[in-house]
Every structure is written in structure tokens, then in C-alpha cells.
Amino acid sequence: MTLARNFPFFSILVCLVGSVVTSVLKPRAAKALTIIIAGVVLVLSAFTLRYALALESAEPFMMGHFPAPWGNELRIGRLEALMATGISAVLFITLLAGFYHMPAFVSEKKLGLYCIMVDLAMCAILVMLYTNDLFTAYVFIEIMTIASCALVIVRQNGHTLVAATRYMIMNLLASGLVLLGISMLYGITGHLLMEPLGRSVRHIVETGQYMEPLTVVIALITAGLAIKSAMFPFHAWAPDTYAFAPPMSSAILSGLIGKAYIFLLIKFFYRVIGLDVIVGTNVDSVLFVCGVSGMLMGSVLAISQRDIRRMVAYSSVSQIGYIYMGLGMGTEAGVAAALFQMLAHAAAKSLLFLSTNELVSVSGDRKRFHYLHGAGYRNPVAGVVFTVGAMSLVGIPFTGGFIAKLNLATAGMPMGGWMRALVLIALAISTLLNAVYYLHTVVSLYRRAPAEIDYPPSHRVPRHAAAALVISMLLTVYLGLGSGPIMRVIEAGLKMFA
Amino acid sequence: MWQALYDNLEQTVAVILFGIGFTILLLQRNLIRKIIGLNIMSTATYLFLASMGYIQGRKAPIVTDGVTDLAAYINPIPAGLVLTGIVVSVSFTGIMLALTVRLYRRYRTLDIDQIALLAKGEDMA
Amino acid sequence: MMLAVSIALPLLAGALLPVFRWKTPAARNAYVLLMTVLTSLLLGWALTQPANGAVDLLRFTDRLTLSLRADGLGRLFAVLVAVLWPLTTLYAVEYMQEHPKQDSFFAFFLMSYGVTLGIALSANLLTLYLFYEMLSLSTLPLVMHGGSGVSVHAGLKYLYYSLGGAAFAFIGLVYLVYFGGTTDFVFGGLFTHVGIQHTAQLRLGYLLCFLGFGVKAALFPLHGWLPTASVAPTPVTALLHAVAVVKSGVFAILRITYYSFGAALLQGSYAQHIPLILTAFTIVFGCAMALREHHLKRRLAYSTVSNLSYILFGALLLTPQGYAAGLMHLVFHSLMKITLFLAAGVYVVKARAEDVRDLRGLGRSMGLTSGVFVLGSLAMTGIPPLIGFISKWSLGEAAVLLGGTLPVAGVVALLISAILTGIYLLVPSFTLYTARRADGAPEPAPLGLPMRATLGVLAAGVLVLSFYSQPLLDYLTRIASGLV
Amino acid sequence: MDGLLMIVSVLLPIVSALMLMRMPWLNETRRTRCTFVGAVLVLECIVVALVALEPQRTVVLFKMTEQLPIALRSDGTSRVFSIVMALMWANSGFFSFRYMSHEQNEQSYYAFYLLALGSLMGLTLSGTMVTMYLFFELTTFLSVPMVLHTRTKEAIAAGIKYLIYSIAGATMGLLGIFFLTPNLGSPYFVEGGTLMANALNIPREALLAIIFVTLVGFGTKAGMFPMHGWLPTAHPVAPAPASAVLSGVITKAGVLCIFRMLFYVIGPDFIRGTWVQTALLSCATITVFMGSMLALREKTLKKRLAYSSVSQVSYVLCGLYLLDTMAFDGALLQIVVHALTKDALFLCAGAIIFTTGITQVDEMHGLGKHMPWTMWLFTICSISLIGIPPLGGFIAKWYIAEGALSSSVPVALFNWLVPTVLLISALLTAGYLLPPSITAFFDLRTDGECKIPQVRAKPTMLMVVPILLLTVAIVVIGVNPSPMIDAFNRLAASLF
């Protein structure tokens, strides 16, 4: 089916068009359209995946009529397709489950705008996954920045404004770095498409001339994307943003957008620079250390939170830490593990944010744990979903999180010495820490509710939202049980990358 | 050393500008100044890019009086990048300003830390 | 495949229990009992089938699978659980009468049954690990069933300890996957071939695994959760914290010691000595703490702490005799301790006697219970010819045969703990009969049929095994020498 | 089947005790109950006698595991001990029929009285170490209720103390059993020991140390220093007949265990001349001396007697530890004699308490006039216990001393030390046993008025006769010890 090779482009196009169209629609219609678009994208990506699995090697897809090295390209590989499918699936579910309580955060007339931004973000994510061209990537980074900032800011209270400002500044700073990096890279190679870039970088490395600028480029771009994806020392903006944005936005931000950046980084490492060079420049060790410290610090900070949503936000800092630890190992296995962790976390985190919101809203919008007692009984679905999500992030067997940890650990084994020790012990300790705050929360969800608090009459969750939550829960469990094929795709995809 | 710096003057200037912008963005607490810093930073990048694309003694890549020989023009791609970049920066400057206005309306100050404090205060209330 | 079914049945039955809207508790109890017994029968039938190789339920990767197998050790543990679970359920039916939220209680009680069977029948360490984690979670609600601040605290403590332990066991697991290639259980371990590579790392891995699983086995520095967890309803304390949970910890350690890392790897290395020292110390420590404890159930919990280390001590001698002796004590201790706990539970629920001092003078008014309790205490103390003596004897014999400083020290520890056991269990037993009941103490309520039945059966079991245990012992010996 | 009698001799008291507990018609009147118990006791004596007449044999009852047979064995040793014990038991049993009429819940008293007898029989007839250990523990548990009988606070405290000491002792014994078993030729008792001394799996020194611990452990029941603490507390709180058997008979259970370990498992040659022998000897000697000293200080009659048991039983141990034929004879003789004497003395004390309620020594003024029989018998027994010829006590002590002088102990000092201590202790014994008689007969009070202690109940024949029998036995042994000595010599010949 050759038609399928256009699907990535179609899916992007659908999002763009959708974003234009929704701007003129009524809120309800806009909402519906956005969800539909997400669904379409999901289907398209699924087909793309099916198509890509049939491919021997990734194939480029020319946009416009300039052949390489001028025009800009998409690239259809298994990994891209897999990530696209996973992320769009999560996105679809998130929209399905999250939209109905948006009115609580967004004034009716702003909803259309919000939909536009969602579409844009979706589009940007897809481009970042598929693109084969650094500058296109940059442009969509910026679009994503703006879109995601809008996603945060649409909720009009002081906290969100401040958070959004922080978020904006950090992100712009980061994109500045990225842009500078890209332009310097262009300066020393004269290319923007990834294949030719890769070739000339390899040439540079062989000749050994321009090595310093190359190192600077790597540092700049890595730093930029790391900031955007809230890697540990640069995480300061994340918790507030996630905590105060509307829950659906937080789900999209921390679950999906961050992943897109990281995926771009992986692409950059593999296709542009080449993993060996990265290892040579020790950037990986830096990432590794940051990742490990992120795993631990994130959890520690999360434990110290008194507000459930901030806790969840901090936990994503630690989860991102896992991913960077995987990257930082600088080995095939490590990156593969990181990719799987990305999927697992995307699934679990979005569902956590959403179910948290449910639980909080049945507890009278009070986020302190004390008020959450018994929330698991007041809203059973959300309770169960939260429990499963929490288990996944703690790394309880039969959930995605456990497999991710297992992969990370096995990936860590070959690298002997202190690194192995660090990986294993960090994993063990952070598991324990995660358990401490997540399961504590779960327990308090099922404790007997204090009598003196009067809870609002529990509004019933719309059937579709509940269904979506359950589906995403099943997705998490599926990642735990059927991880075999997925890992195989990831490994094959990485092979295709280089 | 100085010679080297002088030879690629633009890059040097660009880097210096970038540094200035960066520091302002990080260290200034006034939102407006932060935005300005942001712009300086991006401008620096554009300068850098443009200087990359510029080739001594050629014309901008706009076809005039029918000369279509590639060798007559400078490399068009960086120019294109710069244009895109400018558009982007304009848009986010806009958003930042809008944000700033909102914040100012709400808290009557532009000092980001102060605003953060006030926001916390609200939360307590 | 029947194995899988017999594991799945209670899990499903438990999960579905809250779904049905029960008219009367009686109906619910009938359902629970039926399911439990059914499972046991199913399991028994499955075990009578000739043991063919492992059944893969799920393949994570080509070398990590979720698979079941019933080898000797597995059968032993599975049968032990399958015998004791229905009994305790029967007991629980009467015990829980007054409690709220019985549905959820029995739901989790059933599920834990399935999970425990899963542990028993798992064919490789990964599977075991998975079920092990499940067990921590499925038993958590049972521990916290009281719902008070205390029990929640106890539950969390239990949870953190278990998960922390599991996390370190996980490291060991990874070591095994990496160096051993597979995690399947093979008698003698994966590293039997001469000139094993990476002995250092492997031993480290084993030690981590040991300590990790040692949490559930309540080894000395990691035992803290067990006494606290005795706030749970008695059936839970009896079954889970005397049999299922703690024995799963022991079982896991037996697995890694004899079937994964293998005795050959550990013999005479620090990876054998450190555990030996720990266990020997725990044996004495547990008894000493039990002596200081006046809350009856906590006292029993501490005695569990010490007795579990008996088993581990035997197993860690790394000789067939030692292993067999350990298994012997595994079986016998389960029987004795569950008997004691259930008797204690009767005191709690019928005579409101939480504390050892409250037992005074109950002997006459609660004849059966006290009789069973005394029998259990005698057995636990190791008075011949009761089972406790047989297993302690074999442990001591194995250690003496092996010789060497640590084993002998262990024997001394055994004897000291025997003295202490005698004191902390027999003194209450005597005050049961001799002392006068405190004035104004409530008159004990009569026992219902379920409790009487349970206690009677258990006591009978203790006596029968005391006088006729040879076939069992032969079977254990065959397990220990890898014949089944 | 052979060995049936042995089993019967163990089960008879136990079964009848259970009957006593369960069957109400046995307890309708005191008369029926006493008749029943009396019958059982007599029957038991007959059975034991029959067992003693049977040839020596070992019967395996069942095997806990292959290495752990539970077996019964009747041989010289078992004959001596079982006969003495059964008789003593019957004797004090009859005494208590009258005596117990003052005490509460006789039913449980008699039940446990019989149970304890059963377990004692098992102990004497046990054919393996484990069987012995089993019955040793059993004896403890079944005799504790006798101590606890009065249910007073101090009784309970004493009972628990007794319990803890015994368990500790038994476990120390178990330690030895653990370490000896792998080094033994057979799990059963064999004359002269079955220890494979030249094929030990642990160092000889270590084994010696363990043996020392073991023997000290079993010494607990015999009230040997350093594990004697429980005895003076536990014995006096029991009712008089019970304390009579406790300190007259049950102390011998400890002796029996040591005897079995020493001569049937380890073998005298293994420890002869080692530091273990020295250590044990010194323990025993210390106990002999200390017991007498403490008894001297004690004012309550029964306590005083209890302390005297501490000292007297250690005479036996002294004799055994000398590992010398002559001392051995003396020791066995002392076992018999002390059993008789102490039984009699306690019964006298019981009679006094029963009649007048006097418990303190210095309240016994003029008792001689009041209850002459009792006091006369008391005096005779005291003389025997002190060791004044021609009574049994003298013969026993004489043999022990002789043995000490002739025996080859590692430290020559003991050749002299033991006899000296025996002598001193004899003097002390005189010091604490004569005063009661003296105060009883010669009213030494200066002021004229001679107050006869008021009478609660008259001592009947049923109380005096048992004492009389015992005393007669003592005299007979004293006058003509030779048949016994011959029997003991035969036994010794098989052991050394």
C-alpha cells in the first residue's frame, strides 16, 4: 500500500487544517472536531506503523519539490511511526477523557482558541517525530513553545500566569540555544537535512578539524532540548506549570510534548552526530549524572509536597530522569530502554493527571491529602485508574513501569564499574521513593473519610470519559504484558536510525 | 588572536550580543527587560546566521535584470532561516507582552519574583 | 495448564466478589468457602498429574518469561498453602462476623490465595518476583483492614519494607538475568560448571537478593514490619504473617539459594557466612524480643521472626541435610504457628484477651482453645515427640554434622532460643490454668462450630505429624537432594 | 508381647489419672477417690516389681525419624530407680489420704500426682537419650502443678521459677544430646558407654566442655550448684506429701539422667581424669557444703529440709563423679537411703503441720510429749541422715568416703577434700536436724509455764504408719546392707 507513505504528511496536514478550521467553529463543534482529528491522526499513524514495519529501511518523504540537500523532508521509520502511534493514542484518550471538565478551567468562549492550540501542539509533535530536517524541527519547536504556553495560560489565574511566564522564558531561552546551535552547525557543515549533516559531521570527525565548534553545537542543542524537556537541574519551571495548568494541558505537556523534545534529541544524537561521537564528547556522562540525580531529587521533592498535583508534577521530573539515565548510558540498549520508558511514562502520566483531577474534584477541589481520604470510594473509576498509574510509575510488575525499569537495569549491566552500581542502586532507591509517595497517596485515597468534612455531591463522570480512562489504564497494563513486540520494534527502529 | 576575532567580526559581535541577551534574560527581574533581552538574543542569532550565508562581493538572492547564475548570489538558505526566525521571534514577543500586560493588570508590578510572592499570597487567601 | 487455572480461579473469584450484591453474609461466606475449597481441590488434582515441564503464560522477551512449574519444592509449598488456606478461611468466617467491610476483606483474602499459589508454582525467578510484589499489594488492604491510624501506619510500614526489599531483590534478579542468561529454576543453580566467571559479582548479587527477600523472611535488621503488622485481623496475622507472606520470603530465598545461584557458588564464601551470622543472631534476637513483649499476638509475631531464621539457618548450611531440616521446619512451623495464632485469635475475639496477662485463668472456661494453645506451645518449645522437636533436632543434627564455627554457634543459638521459647510460651500456658481470672474480666463467649472445627483439625494435624511423619520426611529429603 | 509390662507401668498411672479427671463417680466421696488412687499405687508397685523380675531388654516403641527411636529399657539401673520411686510414691500417697483432707481441690492433686509417677516410670525405663529427654521434660511439666497446688502468689512464683530452671537445664542437656549423637555407636543406651572416642567429629576438648554443660544441665533437677536456686523455693510451698516426693524422689530424676549419660552414653573412661571430672566434683562438693550451711540458717522446718536435700543429693553426685566402684556403691546406697529418709522427714513435718500447724523450728517446744511417735521417728531419720552408725545414712557416706580416698582423681586434693567436706557437712547436718528433736523433747524454756500447742486434728495411723515403714527400712538397711551392696557391685561391674 503505497498510499500509506503519505500518511505522516496527511496527519500533519490534518492537524494544521484542523487548527485553521476550528478557529471559526462554535466551541462544542471545535471540541468535537479536535477529538475527531486526534482520532484520525491515531488511525493514520497506526497505518503508517503497519507500513513502516513492512519497510526494510526508513524512507524519506520529500515535501515540496526541492530534492535533498535543499528541500525539507519527512522520514518514515519504524521508530517514528511507533512513537507517533503511541503518542497520538495517548493524546486521543487524553482529549476524550479530559475535555468534559475543561469548562471548569476555561471560559466558554476561549475553548475554541484552546482547541486551536491543541491542534497546533499535535501538529508540532508529529513534525518533530517525523521531520528529517533540523530547521523545520526548530520552527516547530517554536510553534510548540507558543502552543504549549497558550495551553497553560488559558486558565486565567495568578498562578498560571506566573507559571506560564516562567515556562515561556525558560523555553525561549532554550530555543535560543537550539537555534544558535543549529546555525553554528549549518556554519560548519552547510547542511540542514539530517543525512547530509550526518555525512559531513562524520567527515569533520575524521579530519578532526572544527572539533571544538562541533562540541559547542552538541552542548548547545542538548542543553536547549534538555531545558525544554525539564531535565533535572533545569526542571524549575516544570512543577508549577504542570500543577496550575488545566489538568488536560498538564497531561499533554508532561506526557507528550516533553517526549517529543526528547525524541528529537535522540534523533539528533543518532542521525546527525552519531552516538560514538556523543560518547566521545562525554555529553552522555553529563546526561547520565543529571538523569540519576533527577530520578532521586525528583522523588525526594515529590515526597515533600503537600498538594497532590504538585506531587504528580514533581514525579514526572524523576521519570524524565529515568529517560535521561537511559540516554546517558550511551549504548543501544540504554537508548532503547529510554524510548520504552518514554512510552510507559506518557501513558501513565497523562492518566495520572486526569484521574487526579477527578479525585480532587470529588473532594471539593481541595488538593491536600487530608481531604482526599475516601476519594477512591467517591469516584471508583478514577480511584482504580490512579492506583494503576501509580503502580506503573512505582514499577510494580504487570505494568509498563516495571518493564521499563527492567530494561534500564539490564541495559545498565554491561557497563561495569561505578556506572552499573549507580544505575542499579539508583533504580532501587528511586523505586522505594516512588513507592513512598505514590502508594501513600493510594492508601490515603482508600482511607475512611474524616466525618467533619462536607464533600460536594459526587458528579458522575460521563461514560466516554470513564471509558477513556479505563482504556488508558489497559494501555498501561498492556505495556507491562506485551512489551516484547514493542521492544523488538524499538530495537529494529534504532538500527534503522543509524 | 585579535586578528582572528577581527577577521570574523560578525560572529564575534553576534556571540557577544547573544551573551548580553542571555544574561539580561536570566538576571533581570523586570519582565519588560527580560523580553528585551530575549529579542537581543534572537537578533544576535540572526546576525550570526546572516553572516554565515554572506559571501564576499555577491548580491542578495533576488533575481534582478535576469541574472539567474547561482554564482551571482549569496547562499539563500540562511536568509530564509533568518526570515523565519524573525517571524517566530515577533510572535513570541507578542505573547510575552500580552502575558506581561495581564500580570501587570493583576499585580500592579513587573517584578517577576514579587509577582510570584503575591500569587502565593493569593493561594493562602 | 491446570496450575494456571488454579491460580487464576481465586484471583478472579476475589476480584468479582464485590461485584455481586450479597443478600446475606452467609451467602457470601458460602461463596468464599466454596471458591477456596474448589481451588485447593483443583490444585490437588493438577498436582496429581505427572509433572511435565514449565508452562509459559507470557513472554516478555525471549529469555524472560512468565511461566509455571510444579517441582518438589513448589508442590510442597503449594500443598501447605492449599491445606491451611481453607481452614483459616473457615475460621475467618466466624472471626470476622463483627467486622465492617467484610466483602473487601474476603475479596483480598481470596486474591492473596491465588497470588501465594503463584509464588509456589512459579518456574523462574522473574515469575516469582512478579507474584512476590503482587503479594505485598494484595495483602496490604488486609493489614490495614482495621482502618484506624495505627493499622494504616502498620500497613504503610509493611509496604515500604516489602517494596524496598523487592527493589534490592530486583537488582539480584538483574544480575541473574545478565550473567545466567535465564532465571529458570534448576536444582543446583545456574552456575554449577567449574570455573564460574564473575563469582564476585554473582555473590554480591546473591547477597542483595537474599537481603531483599529477607525482608519478608523478617531477618534481623529488616524484621520491623512483622510485629507492627500484627494489628491486622487474626486470620490475616495467622495465615499471612505466619505462613503465606513470611514463608514466601523464605521460599524465595530457598529458590535463589538452591535453584538460581546455587550452593556451589556460595559454599564457604562471605555470601554464605553473612547470611548465616544474620540468621543465627535473628534466632536469639527474635526470642528475646518475644520475651519482652506482653501483647500476645506481637509475642507470637516475634517468635515467628526467630523461627523463620531457623529455616534459613538450616537452608544456608548448604548441605542436603540442612536443606531438608529447613524444609521440615518450614512445614512444621507453619502448622504450629498457625495453630497458636488462631488460638490467640479466639482469646482476642471471645474473651477480649489481647495481653498475655489477660490469659490468666482462662484455661477452664475455654477448655478446647487452651488445650490447643498449650499443645502448640509445647510443640513450639520442642518437647519430644512433638513436631517442633523433630525439626529442631534435624536442624541441630545437620549443623553438628557439618561442623565449623558458625554452624556450632548456630546450634547454641537454637538451644538458647529453645530455652527462651519455653519461657515465653509455656509460662502463659501455665498461668492459663493456675492463676485466677482477674475480677470483673468478661466471661468468655462460647466458640462457634467453625472455630472449634478449625482448631480441632489443626491440633489433630500437629499430633498426627508428631507420631507419623516419616513419609513426609522422606519426601523432603528427596527434594533436598534434587530428586523431585 | 515382651515389654508390655514396661508400657503398662508407664501408662497405668497416666490412664488412671485421666480417669480420675474425667470420671465424676470416682470423685463422689473422698473415700472412693482415695481407694482408687491407693489401688492404683499398689498395682503400680506390683507392676514395677514384675518389670524388675523380667530379664534385661530394650523395646522400641516408635521412631520419630530413623535416627530418633523412642525406646524403653529395663536393666539394673532402671530396677533400682523404679522400685525406689514407686515405693516412695505409694508411701507418701497413703500419707496424703489423711493429710490432704485439709487442702482444696484434691482431685487435680491426685491426678497430677499419678501423672508425675507415670512420667517418672517412663524416665527410669527410657532406653535412649531422646526418650529420656522427653520424659525429663514431661516430669517437669507434670510435677509443676504439685508445686502450684496451693495457688498462692508465692506458689505460682515458685512454680514458674521451677519451670524455667528445669527447661534451661533440659536444654543444656539437649545441647549435649545434639553433639553426642553423631559420635555414638548406637542411639540406645549401652553399658559402659557407646561414645566412639577415637572417631570424634568435633575436637575432644570441645566435646568435654559440652559434656560438662550437659551434666550441669541435668544436675538442675538434682539441685546441684550452680543450678540449685529453684529447689529451696519450690519444694516447701507444695503440700507436705508432695514436697516429700519432690525432694525425696524427683531430685533423683536428675541423678538418674546424669547416671545414664555418664555410664550408658559417654562412658566413665572418657571423662576419667579430665578437667571435667574435677569441675563436676568441685561443683558437687561445693553444693554439699553450701546446702548444709543454708539449711543451718533456715528457720522454717520444710525449707530447712529442702536445703538439706540440696546437700544430700550432691552426696550422690559426689559419689558418682568419683568414678570409683566403691563410691559408686555408696552413691547408689545414698540414693536409696536419702529417698527413704527425706521422705520420712518431710512426712513428719507434714504430720506436725497437720496436727498443730507449726512450721517454725523454734515453736516446737514440748512437741515430743504431744506427738511422741512422730518425733521419735523424726529423730531416728535425722540420725540416719547425719550419718551416725548403725543407720543406712552412715553406710552410704562411709562407702563414698572410702571411695574418695581410694579413687584416682585427677587432682589428688580431692582424695582428702571430699571426705573432709562430707565430715563437715555431717556436723552441720547434726547442727540443723537435731535442734527440732531437742526442743521437742527437752523443753528448755526458763519460764515455768509449758504451753502445749493447741491441736487441730489427731494424727491417725494412716499418717504414722508410712513414716514408720520408712524408718524401719532405714534401720534394716543400716543393720544389713550387704544384699544391696552385692546388687550394686554387680551393676558396677557391668558399667566400669
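Let's start with the nonpolar core, and with the largest one in this predicted model. That core holds 635 residues, and the members that touch the most other members are A:A121, A:I125, C:V81, D:I258 and D:L317. Where does this core lie in relation to domain 1 and domain 2 of chain A? Domain 1 covers 1-277 and domain 2 covers 282-498, and both give residues to the core, so it lies between them.

Let me stay with one of those names for a moment. Set aside the neighbours within four places in sequence, and D:I258 is in contact with D:L215, D:F218, D:G219, D:A222, D:L317 and D:L320. You'll recognise D:L317 there, since it was also listed with D:I258 among the core residues that touch the most other members.

While we're in chain D, have a look at a glycine. D:G392 is found in helix α16, which runs over residues 392-406 of chain D. Is D:G392 buried or exposed? Count the other C-beta atoms within 10 Å and you get 27; the cut-off for buried is 20 or more, so D:G392 is buried. As for who it touches, leaving out residues up to four places away in sequence, the partners are D:V337, D:S384, D:I474, D:I477 and D:G478. Now compare that with D:H370: D:G392 and D:H370 are 22 residues apart in sequence, and their C-alpha atoms are 28 Å apart in space.

On to chain A as a whole. Chain A has 21 helices and 2 strands. Its radius of gyration is 22 Å, close to the 23 Å that the globule rule gives for 498 residues, so chain A is as compact as a globular protein of that length. If you'd like a box in your head, the C-alpha trace of chain A spans about 75 × 55 × 40 Å along its principal axes. Of those 498 residues, 65% are buried. And take the contacts in chain A between residues at least 6 apart in sequence: 80% of them join residues at least 24 apart.

Chain B gives us another picture. It has 5 helices and 0 strands, and from the N terminus on the elements simply read α-α-α-α-α. Why call chain B more spread out than a compact globule? Because its radius of gyration is 20 Å, well over the 14 Å that the globule rule gives for 125 residues. The C-alpha atoms of chain B fill a box of roughly 70 × 40 × 15 Å along the principal axes. Buried residues make up 25% of the 125 in this chain. For contacts in chain B between residues at least 6 apart in sequence, 52% join residues at least 24 apart.

So how do the chains meet? Take A and B: 23 residues of chain A and 30 residues of chain B take part in the contact. On the chain A side, the elements giving two or more residues are α5 (134-153) and α6 (158-189). The most comes from α6(A), with 16 residues. By type, that side of chain A splits into 15 nonpolar, 7 polar and 1 charged.

Then there's C against A, where 24 residues of chain C are in contact with 22 residues of chain A. On the chain C side, β1 (55-59), α5 (125-143) and α6 (149-180) each give two or more residues. The largest share, 14 residues, comes from α6(C). That side of chain C divides into 18 nonpolar, 4 polar and 2 charged residues.

Conventions: Residues numbered from 1 in each chain as written. Chains lettered and ligands numbered in written order. Predicted model: local features only at pLDDT ≥ 70, side-chain atom pairs only at ≥ 80, totals over all residues. Helix = DSSP H or I, 4+ residues; strand = E, 2+ residues; numbered from the N terminus. Rg over C-alpha atoms; globule rule 2.2 N^0.38 Å. Buried ≥ 20, exposed ≤ 12 C-beta atoms within 10 Å, placed from the backbone. Contact = placed C-beta atoms within 7 Å. Nonpolar A, V, L, I, M, F, W, Y, C, P; charged D, E, K, R; others polar. Core = buried A, V, L, I, M, F, W, Y, C linked by C-beta atoms within 7 Å. Domains from an automatic or database assignment.
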